[in-house]
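Student: I would like a close look at a single part of this model, with the rest brought in afterwards for context. Please keep to one residue first and work outwards.

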Amino acid sequence: MPGSGAPGTGTEGDAGRAGLPPGTASQSAPPLSPPAAQVAPHPVRIGLALGGGAARGFAHIGVIKALEAHGIHADLVAGTSAGSVVAALYASGMNGLQMNKAALKLDEASISDWAMPFRSRGLLKGAALENYLNTTLGSRKIEQMRMPLGIVATDLQTGEPILFQRGNTGQAVRASCSVPSIFEPVKIGGHEYVDGGLVSPVPAAFAHKMGADFVIAVDISSRPESGVTSSSFDMLMQTFTIMGQTIKAYELDKYADVVIRPNLAKMGGADFADRNAAILAGEEAVQAAWPEIQRKLAAARVAPVDLTSAR
C-alpha cells in the first residue's frame with residue numbers, strides 16, 4: 001500500500017538490497033576450481049612377459065633388440081617355454097645383439113638328446129638344453145641373474161603353475177620347455193614339471209606378480225586358423241594353441257599393458273632354420289607397435305602410483 005514503507009518482495013527486493021538494478025536476480029559467484037595438479041613423471045618398473053612357441057621363440061630376440069634400440073630396457077623378465085630360454089639369457093645380462101649372434105650360431109643338435117624308445121615318457125630327454133644354458137650362463141642360478149627372472153612351468157600332478165625364482169636355471173628352463181610326449185617331465189624337489197604353456201602361454205600375470213608396473217607381453221603363438229600342421233610336432237603345438245586361447249586371452253587382457261605379436265604365420269614350431277626370419281619379425285612387430293608403446297608408457301609414468309600397480 002502507498003506510504004506503508006513495505007520493502008519490495010521477491011527478486012526485485014533482493015536485487016535492491018544487493019545494489020543491483022530492479023529485476024535482476026541475485027547470483028552467487030561459482031567457487032573457483034583449484035588448478036589441476038601436475039603429476040611429475042615417475043619411474044615405471046617395466047616387465048617383459050615372453051610366451052611359448054618352440055622355434056618361433058627366436059622372435060623374442062628381435063623384440064628385445066628393437067626395444068633396446070628405442071631405449072627400452074626391462075627391469076624384470078618372465079618366460080614360458082621357449083620364452084624362458086630367451087628370458088634366462090636376457091636376465092643374465094646379454095643384450096639383443098649378443099643373443100642374436102648366439103642364436104645364429106646355435107646348432108640344433110646341441111640341444112637335442114634323443115631318449116631311448118619305449119623306455120621313456122618323451123622323445124627327448126631335455127638334459128642337452130639344460131646343459132647348454134648352464135654352460136652359456138656360467139652355471140649361474142636364477143637368483144644370481146642381473147635382473148629378476150621368473151620361469152613358469154606346470155606341476156604334472158596338480159596342474160598348478162609354478163614360478164621358479166630360485167635354483168638351477170637350466171633345469172627350470174628345461175622344465176618350462178618340456179612339452180608332454182616330446183620331452184620327458186623334469187623332476188625338481190619331489191615334483192614333476194612340464195611345459196609352462198599349459199597354464200600360462202604368455203606369463204603377463206607372473207610379470208605383474210614379480211613387481212612390474214608396466215607389462216610388455218610378447219605373444220608368439222599362432223592363431224588356430226593359421227597354424228601350421230605339416231608335422232606331428234606342429235599338430236601337437238596346434239593342440240596347445242587351441243587349448244590355451246581362453247587362458248591367454250584372459251591373462252593378456254587383465255595384466256598386459258601392451259601385447260606385441262610378431263607375424264609368424266608361415267613359421268612352424270619346428271622351423272629352426274627360419275630363426276633369422278623370426279628375429280626380423282620380432283623387430284618389425286615392435287616398430288609397428290611403437291606408437292602404442294610410447295603413448296601408454298608415457299601415460300603410465302604420470303599416472304598415480306596406486307593406479308599403475310593395481311590390477
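Does R174 count as buried or exposed?

Tutor: R174 counts as buried, with a relative accessibility of 15%. Buried here means under 20% relative accessible area, exposed means over 50%, and partly exposed is what falls in between, using a 1.4 Å probe and protein chains only. The model is predicted, so local features are taken at pLDDT of at least 70 and side-chain atom pairs at pLDDT 80 or more, whereas totals for chains, interfaces and linings use all residues. Residues are numbered from 1 along each chain as its sequence is written, and side-chain values use heavy atoms, with hydrogens and water left out.

R174 sits in helix α6. Helices are DSSP runs of H or I with at least four residues, strands are runs of E with at least two, and both are numbered from the N terminus. Once neighbours within four places in sequence are set aside, R174 is in contact with K125, G126, A127, L129, E130 and V186; contact means heavy atoms within 4.5 Å.

The helix around R174 comes next. Helix α6 covers residues 169-176, and 7 of its 8 residues are buried, so α6 is largely enclosed by the rest of the structure. Besides R174, the buried residues of α6 include T169, G170, A172, V173, A175 and S176. The N-terminal end of α6 is capped by N168, which has a side-chain oxygen 3.1 Å from the backbone nitrogen of G170. That counts as a polar contact, a pair of N or O atoms within 3.5 Å in which, within protein, one can donate a hydrogen and the other accept it, residues adjacent in sequence being counted only if both atoms are side-chain atoms.

On the N-terminal side, the loop between β5 (161-164) and α6 holds R166. R166 counts as exposed, at 60% relative accessibility. Residues up to four places away aside, R166 touches I142 and E143. The C-alpha atoms of R166 and Q144 lie 8.5 Å apart, although 22 residues separate the two along the chain.

On the other side of the helix, S178 is part of the loop between α6 and β6. S178 has 0% relative accessibility and counts as buried. Its contacts, without residues up to four places away in sequence, are F183, E184, V186, Y193, V194 and D195. V186 is thus named for S178 and also for R174. Strand β6 (residues 181-183) includes S181. The phi of S181 is positive, about 80°, although S181 is not a glycine, and S181 is partly exposed with a relative accessible area of 46%.

A similar backbone feature occurs at A54, a non-glycine with a positive phi of about 55°. A54 belongs to the loop between β1 (46-50) and α2 (59-69) and is partly exposed at 22%.

From there, helix α2 leads to helix packing. The axes of α2 and helix α3 (residues 82-91) are 10 Å apart and meet at an angle of about 40°. Axes are lines fitted to C-alpha atoms, for helices over the stretch in contact, and angles between N-to-C directions run from 0 to 180 degrees. The pair is therefore oblique, the label for whatever is left after roughly parallel (under 35 degrees), roughly antiparallel (over 145) and roughly perpendicular (65 to 115). H60, I61, I64 and E68 of α2 make the contact with G83, V86 and Y90 of α3. By class, this contact has 4 nonpolar, 2 polar and 1 charged residues; Ala, Val, Leu, Ile, Met, Phe, Trp, Tyr, Cys and Pro count as nonpolar, Asp, Glu, Lys and Arg as charged, and the others, Gly among them, as polar. Helix α3 is mostly covered, with 10 of its 10 residues buried. After α3 comes G93, with a positive phi near 115°.

Helices α4 (residues 96-105) and α9 (residues 275-302) form another pair, with axes that come within 10 Å and cross at roughly 155°. They are therefore roughly antiparallel. N100, A103 and L104 of α4 meet R275, N276 and I279 of α9, a contact of 3 nonpolar, 2 polar and 1 charged residues.

Over the whole chain there are 10 helices and 10 strands, and 49% of the 311 residues are buried. Of the contacts between residues at least 6 apart in sequence, 75% join residues at least 24 apart.
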